[in-house]
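I opened this model to go through its sheet pairing, aromatic contacts, pockets and cavities. My notes follow the order in which I looked things up.

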Amino acid sequence: MGDQSQEPTPENMTMMQGFEWYVPADQKHWVRLEKHVPQLKHWGVDNIWIPPGCKGSSKEGNGYDIYDLYDLGEFDQKGSVATKWGSKEELLRLCQAAKDNKVGLYWDAVLNHKFAADHREKCQAVEVDPEDRTRNVSDEYEIDAWVGFDFPGRGDKYSTQKYHWYHFSGVDFNAANGKSAIYKILGDDTKGWAASGDVDGEKGNFDYLMGSDLDYDHPEVEADVLAWGKWLADTIPLKGIRFDAIKHYSEEFLRKFIVQMDETYGKGWFFVGEFWKDSLEDMENYLDRMNKKFSLFDAPLVYNFSEISRASSADLRKVFDGTLVQKAPIAAVTLVMNHDTQPYQALEAPIEGWFKPLAYALILLRNAGYPCIWYGDLYGIKGEHPFPPSCGGALPALTLARKLYAYGEQADYFDFATCLGWVRYGTWDRPYGCAVVMSNAGPGTKRMHVGEMHAGETWTDVLGWESGEIVIGDDGFADFVCAGTSVSIWVNKDAEGRERFAEKFDSNIYEE
C-alpha cells in the first residue's frame with residue numbers, strides 16, 4: 001500500500017448538529033442521542049454540536065431563551081428540574097457515551113442575553129429606533145423592567161452572582177405601561193450599547209437582539225461568564241463550543257473567553273461562531289479581529305444552495321461564489337441547513353429536496369471546509385409540519401463516503417453549467433479515492449481521470465442510485481454518469497469498506 005515511513009493521512013472529520021427546532025419537549029433528547037452515538041460514529045460522525053443545555057425560560061424552551069447558565073438540568077427552576085433536552089445526569093451519561101466512542105461534543109453557548117427574570121426592577125431608559133439603535137426616539141424616563149435574576153432554585157451553588165438592571169444594556173418591554181419597544185438602559189458610565197466596532201454595525205448598532213441584553217462592559221458580568229466557561233469545562237468533557245449570536249455581543253469579551261479556554265484547558269478546542277450574515281466581507285473582517293483562532297458557519301453558501309435549488313437549470317459552477325469556504329476554507333464550517341434556516345423558522349432558507357444530496361456531496365466530498373450535517377436531515381423534522389429524513393435516506397452513506405474515500409488531490413471538472421464533476425485521487429495510505437458527478441438538469445456524463453493506478457478496476461456508485469459498472473481505462477480515464485437532478489459517487493467496487501454501504505442506518509430515533 002506504500003511506504004510505511006510516510007506520515008499517515010489525517011482522517012476526515014465531520015460534525016453533526018445534534019438537534020432541530022421541533023424536537024419534542026419530552027426531556028428525553030439526551031437519552032435518545034446517547035443510544036445513537038455508536039451508530040453515528042460508525043457512519044462517520046466525529047463531533048456532535050449539542051443544543052443549549054442550560055436552563056431556559058420553560059421546560060419547552062430550546063435553550064436560546066436562556067435563564068441560568070449554571071443550571072444544566074439540576075435544579076427545580078422555571079417549571080422543572082430537567083431542561084427540554086433532559087436532566088444533568090442524562091447529559092453526563094451522553095458525555096460518557098460520546099467519550100467511549102471517541103466522539104467529541106461541542107456546547108452551544110448562549111451568552112448574549114437572559115430570559116424569564118425572577119422580578120422587575122426600575123431603571124432609567126430611552127426608547128430607540130428599531131432600525132437605527134443609535135437614534136433615540138423618546139426622552140429618558142423610568143421603566144419597570146424584567147431584569148432581576150436571583151436563581152432561587154439554585155441559590156449560591158456554583159456562582160453567587162445575581163443579576164440586576166445595571167448588568168444589562170437593553171430590554172424590549174416596560175411592565176409599567178405594557179409597552180413593547182427597544183429600550184436602551186441608562187445609568188452609570190457603562191450604560192448604553194457596546195462600543196461601535198465591538199458588535200455588528202447592522203441597524204446602527206446590533207448589540208440588542210432579544211430578552212434582557214447582557215452588558216459585557218460591566219466587570220461582574222464579564223467575571224461571572226468567564227468563570228462559567230471554566231466551570232462548564234470542568235463539569236462536562238467537551239471538545240469545543242458553538243457561540244450563539246456573536247454579532248450581538250462584545251468581540252473583546254469573546255476573545256478573552258477563548259484565550260482563557262485555550263490557556264486553561266490546552267490548545268485544540270474548536271470554536272465556531274454564529275455570525276449569520278450574507279456578507280463575505282463582514283465575515284472576513286470578523287475573523288481577522290478574532291486573530292483567526294475561530295471558525296464561522298458559511299451562511300453565504302447556504303443561500304447559494306437555496307437559490308440554485310429553486311432555479312431552473314441554474315449554473316452550478318457558481319455554487320461557491322462569494323462563500324467563506326472559497327475565500328477562507330480553514331475557517332469555514334460548511335452546512336446545508338440548521339435549526340434557524342429549517343422550514344417555518346425565522347431565517348428559513350428553503351432548499352428543494354432533490355438538491356440536498358447534491359449540496360451534501362459538495363460539502364462532504366471536497367477538500368475544503370469542515371462539514372456539518374444536520375439532525376433534521378438525518379432523522380427528520382417533528383412538529384406541526386413534519387418532514388422525513390432528507391436525501392432519500394442517503395445522508396449516512398454520503399457521510400461514510402467522506403470518511404472512507406474523499407482523500408488526496410482534487411481535480412475539478414466544472415466545465416458545464418448544469419453538470420459538475422470532481423475526482424479525489426486518494427493518498428498512499430487511503431488509496432481508493434472517488435469520482436463524483438452531479439446534475440441539476442438532465443442525466444449527466446463526465447469523462448474524468450482517476451489515475452493510471454486504477455486501470456482495469458471496476459467502479460460502482462456507493463449510493464446505489466446508478467446500477468451500472470464503469471471500468472477504468474488504461475489511461476486512467478472513464479466516463480462517469482449520474483441520473484437527472486441527482487448525484488453519483490463512484491468508487492472501486494472492491495475498495496475496503498464497500499460492504500458497509502449495504503448496512504442500514506436506523507433513522508427511527510423516536511422509536512415510533
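The entries below concern a predicted model.

**Entry 1: the open sheet**

I began with the strand order of an open sheet. Six strands make it up, in the order β18-β19-β20-β25-β22-β23, and the pairing is antiparallel. The edges are held by β18 (410-416) and β23 (470-471); each has a single partner strand, so one side of each lacks a neighbour in the sheet.

I then checked individual pairings. β18 runs antiparallel to β19 (residues 419-424), and five bridges join the two. One register point I noted is Y413, whose bridge partner in β19 is G421.

At the other end I followed β22. Three bridges connect β22 with β25 (residues 486-492), again antiparallel, and T460 has V491 as its bridge partner in β25. On the β23 side I found two bridges, also in the antiparallel sense, with T458 bridged to V471.

**Entry 2: side chains of β22**

Which way do the residues of strand β22 point? T458 and T460 point one way from the strand (residues 458-461), while W459 and D461 point the other way. I also asked whether they are buried or exposed. All of them are buried.

**Entry 3: aromatic pairs**

The count of aromatic pairs came to 39. I looked up W165 and Y166, which form an edge-to-face pair with 5.6 Å centre to centre and 80 degrees between the planes. W165 is partly exposed at 23% relative accessible area, and Y166 is partly exposed at 29%.

My second pair was W459 and F480. Their ring centres are 6.0 Å apart and their planes are at 55 degrees, so I logged the pair as tilted. W459 belongs to strand β22 and F480 to strand β24 (residues 477-482), so the pair ties together parts that are 21 residues apart in sequence. W459 is buried, with a relative accessible area of 0%. F480 is buried too, its relative accessible area being 0%.

I also traced a cluster linked by ring pairs. Its members are Y216, W228, F243, Y249, F253, F257, Y265, W269, F271, F275, Y286 and F294.

**Entry 4: charges over rings**

I looked up two lysines here. K114 lies over the face of Y163, 4.9 Å from the ring centre. K382 has its charged end over the ring of Y510, at 4.8 Å from the centre of that ring.

**Entry 5: pockets**

What is the volume of the largest pocket? I have it at about 700 Å³. Its lining has 36 residues, and those closest to its centre are F270, S295, I330, A331 and Y370. The elements that contribute two or more residues are β14 (270-273), α5 (280-289) and β17 (370-374). α5 gives the most, with three residues. By class I recorded 18 nonpolar, eight polar and 10 charged residues in this lining.

The second largest pocket holds about 470 Å³ of space. It is lined by 20 residues, and L209, M210, D244, E274 and D340 lie nearest its centre. Nine of the lining residues are nonpolar, six are polar and five are charged.

**Entry 6: cavities**

How many cavities of 30 Å³ or more are there? I count two. The largest has a volume of about 70 Å³. S169, G192, W193, A194, D198, D207, L214, D215, Y216, D217, Y249 and S250 line it. I noted five nonpolar, three polar and four charged residues in that lining. Y216 and Y249 from the lining are also members of the ring cluster in Entry 3.

The second largest cavity has a volume of about 30 Å³. Its lining consists of D68, L69, Y70, K114, F151, R154, S159, Q161, Y163 and D224. That divides into four nonpolar, two polar and four charged residues. K114 and Y163 are in this lining, and K114 is the lysine I had placed over the face of Y163.

**Entry 7: N338**

Last, I looked up N338. It is found in the loop between β16 (332-335) and α8 (356-364). N338 is buried, with a relative accessible area of 4%, which is under the 20% cut-off. I also took the separation of the C-alpha atoms of N338 and I363, which is 14 Å for two residues 25 apart along the chain.

Definitions and conventions: Residues numbered from 1 in each chain as written. Heavy atoms only, no water. Pairing = 2+ DSSP bridges. Helix = DSSP H or I, 4+ residues; strand = E, 2+ residues; numbered from the N terminus. Buried < 20%, exposed > 50% of the residue type's maximum accessible area, 1.4 Å probe, protein only. 1 Å grid on protein atoms, 1.4 Å probe; cavity = no way out; pocket = protein on both sides within 12 Å on 5 of 7 lines; lining within 4 Å. Points joined across faces, edges and corners; volume = space filled by probe spheres on them. Nonpolar A, V, L, I, M, F, W, Y, C, P; charged D, E, K, R; others polar. Phe/Tyr/Trp six-rings, centres within 6.5 Å; stacked < 30°, edge-to-face > 60°. Lys NZ or Arg CZ within 6 Å of the ring centre and 35° of its normal.
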